[in-house]
Amino acid sequence: MLAGLEYKGHTDLLRQHFDAEAIMMLGCPEMFVALVTEHIPLREVTQK
């Protein structure tokens with residue numbers, strides 16, 4: 001944010017660029033993990 005970027009992460013950028021839903025997925029031969037949470041500052045966790 002200090003650099004003037006409007007995106008919290010690359011997933012947000014991909015959503016807007018492709019005008020589609022996007023999730024982050026990490027994988028290796030043994031396991032694949034899809035993250036379903038959004039990036040928020042830790043100080044905001046208690047405010048939700």
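Let's start with salt bridges: how many does this chain have? The count comes to 1 salt bridge, and please keep in mind that we are looking at a predicted model. The partners are D12 and R15, and their closest N and O atoms are 3.0 Å apart. That distance qualifies because the cut-off for a salt bridge is 4 Å between a side-chain nitrogen of Lys or Arg and a carboxyl oxygen of Asp or Glu. If you are new to this, here is the general idea: side chains of opposite charge can pair when their charged atoms come close.

Now find the pair on the screen. Both D12 and R15 sit in helix α1, 3 residues apart, which is about one turn of the helix. Is D12 buried or exposed? D12 counts as buried, because its relative accessibility is 15%, and the limit for buried is under 20%. D12 also has company from elsewhere in the chain: once we set aside its neighbours within four places in sequence, D12 is in contact with Y7 and E38.

Let me step back and give you the whole chain. The protein chain has 1 helix and 2 strands, and reading along the sequence gives the pattern α-β-β. Its C-alpha atoms fill a box of roughly 35 × 30 × 20 Å, taken along the principal axes. There are 48 residues in the protein chain, and buried ones make up 8% of them. About 4700 Å² of the chain is exposed, with carbon and sulfur atoms supplying 62% of that area.

Back to helix α1, which covers residues 10-18. Right beside D12 you will find T11, also in this helix. T11 has a relative accessible area of 9%, so T11 is buried. Which residues does T11 touch, leaving aside its neighbours within four places in sequence? They are A22, I23 and M24.

H10 lies in the helix too. H10 has a relative accessible area of 47%, so this residue is partly exposed. H10 and A22 are 12 residues apart in sequence, while their C-alpha atoms are 9.8 Å apart in space.

Next, follow the chain out of the helix into the loop between α1 and β1, where we find D19. What is the sign of the phi angle of D19? The phi of D19 is near 50°, a positive value in a residue other than glycine. D19 counts as exposed because its relative accessibility is 72%, and exposed begins over 50%.

On to the strands. Strand β1 covers residues 24-28 and strand β2 covers residues 31-35. How do they run, parallel or antiparallel? They run antiparallel, and 5 bridges join them. The connection from β1 to β2 is a hairpin through 2 residues. To see the pairing for yourself, look for C28, which stands opposite M31 in β2.

M31 comes up again on the surface. Together with L26, V33 and L35, M31 makes a nonpolar surface patch of about 340 Å². Which element gives the most to this patch? That is β2, with 3 residues. One member worth pointing at is V33, which is in strand β2. V33 has a relative accessibility of 33%, so V33 counts as partly exposed. Residues need over 30% relative accessible area to be part of a patch, which is why V33 at 33% can be included.

Last stop: H39, in the segment after β2. H39 is partly exposed, because its relative accessible area is 43%. Leaving aside neighbours within four places in sequence, H39 is in contact with K8, G9 and M24. You may remember M24 from before, as it is also among the contacts of T11. And how far apart are H39 and T11? They are 28 residues apart in sequence and 9.7 Å apart in space, C-alpha to C-alpha.

To finish, try tracing the chain yourself, following the pattern α-β-β. Stop at D12 and R15 for the salt bridge, at D19 for the positive phi, and at H39 for its contacts with K8, G9 and M24. Thanks for listening!

How values were computed: Residues are numbered from 1 along each chain as its sequence is written. This is a predicted model: local features need pLDDT of at least 70, side-chain atom pairs count only at pLDDT 80 or more; totals for chains, interfaces and linings use all residues. Side-chain values use heavy atoms; hydrogens and water are left out. Helices (H or I, at least four residues) and strands (E, at least two) are DSSP runs, numbered from the N terminus. Buried means under 20% relative accessible area, exposed over 50%, partly exposed in between (1.4 Å probe, protein chains only). Contact means heavy atoms within 4.5 Å. Two strands pair if DSSP finds at least two bridges between them. Patches are made of residues with over 30% relative accessible area and no salt bridge: like charges are joined within 9 Å, nonpolar side chains (Val, Leu, Ile, Met, Phe, Trp, Tyr) within 5 Å. Accessible areas come from the Shrake-Rupley method with a 1.4 Å probe; for residues, only the protein chains shown count as cover.
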